[in-house]
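Here are a few exercises to work through with the model open beside you. Try each task before you read its solution.

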Amino acid sequence: AAAAAAAAKRELDARDYDAVLLGNGSGEPQTLELHYDRGYEPARVPPRFAGGAAAVLHVRPCEPLPVAFSVEAKFTHAGQSFSCRLEDFHVGFEDLLSPVSLPARLSALPQTWLLGQLFEALWEEFDARPAVDPLPSTALLSAKFLNYGPSVARHVLGVTLGRFLLDSLTAVEPLLAPALFPASPSSPSSARVVVEEEEELSAAERSSSSTGHSNSNSTVPTVRVFIFLPPRYHVLLRFSLLPQSTVVKMATDNWKVLPFLDSLLSAWFASSEQALVR
């Protein structure tokens, strides 16, 4: 399992992100120039393309960071040269999120099982790396507390993050039963709720630490999310669904993505809550 997980990690491919730009319709040949300042290898820009045609620009991230590209087109018409700015195009952080792909040579193995093995191996590595070699490490573990209950969390996991899930939401449904989440006393203080739920989560983690990941060992439903970021990075998320809140533990081998991930989580939960209210 460890060898297969290591092989899968080594062979994850970098990916191109394409933008389609349309010509000006003049029928005259055009050239394009791109301007950007960070995190991406030089794009493969078509040297010349006919007006009215589409030019596909391939960009490859060196780091999984959002970027804005400004584009200038140069063309000739009736013996004169012209240049103009085309509309900027953006690669957002959310655009970079991809499912983890396993090498074809491992296709004979159970894919869900292998992804789970890879997830746990990477989590252990990211957790241990700063302690072993803190200065050059970019790996980091973090956590985010969200004041949203399990219904909103389930919506985020099922609708927004469905293609990244390692654990079936159906499997945690019994743990989301109202009987396991009794109503709290009327108008409890936020501080009290946070303390009580953190204690519940800590107790659940202690009870399952000797047996590894398993929802059956805990009354706290936990769902794992596994994301690939080009060219070679990963985001690992553990969602713990508590009665009135959600705790998301995060592990990554590139700490620079955490601010973007934090903002995305807040936006996803807010939009899911609004969708459920409608």
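**Exercise 1.** Work out whether Ala128 is buried, partly exposed or exposed.

*Solution.* Start with the relative accessible area of Ala128, which is 37%. Now the cut-offs: buried means under 20%, exposed over 50%, and partly exposed in between (1.4 Å probe, protein chains only). So Ala128 counts as partly exposed. Next, place the residue: Ala128 sits in helix H2 (residues 111-132). Helices (H or I, at least four residues) and strands (E, at least two) are DSSP runs, numbered from the N terminus. Finally, look across to Leu141, 13 residues apart from Ala128 along the chain: the two C-alpha atoms are separated by 9.9 Å.

A word on the ground rules: this is a predicted model, where local features need pLDDT of at least 70 and side-chain atom pairs count only at pLDDT 80 or more, while totals for chains, interfaces and linings use all residues. Residues are numbered from 1 along each chain as its sequence is written, and side-chain values use heavy atoms, with hydrogens and water left out.

**Exercise 2.** Find the mean pLDDT of the protein chain, then look at a stretch below 50.

*Solution.* pLDDT is the predictor's confidence in each residue, from 0 to 100. Its mean over the protein chain is 74, with 60% of the residues at 70 or more. Over residues 4-27 the pLDDT is below 50, yet this stretch has 80 contacts (heavy atoms within 4.5 Å) beyond near neighbours in sequence. Residues 206-212 also stay under 50, and there the model has 3 contacts beyond four places in sequence. Where pLDDT is low, don't read the predicted coordinates in detail.

**Exercise 3.** Put the 4 strands of the open sheet in order, and say what packs on it.

*Solution.* Two strands pair if DSSP finds at least two bridges between them. The order comes out as S8-S11-S10-S9, with antiparallel pairing. At the edges are S8 (140-146) and S9 (222-229), each pairing on one side only. From one strand to the next, the twist averages 20 degrees. S8 and S11 (residues 246-252) are joined by 7 bridges, and Phe145 stands opposite Val247 in S11. Now add the helices. H3 (residues 150-160) touches S9, S10 (233-241) and S11, its direction making about 150 degrees with that of S10. H6 (residues 258-277) touches S8, S10 and S11, at about 25 degrees to the direction of S8. For these angles, axes are lines fitted to C-alpha atoms, for helices over the stretch in contact, and angles run from 0 to 180 degrees between N-to-C directions.
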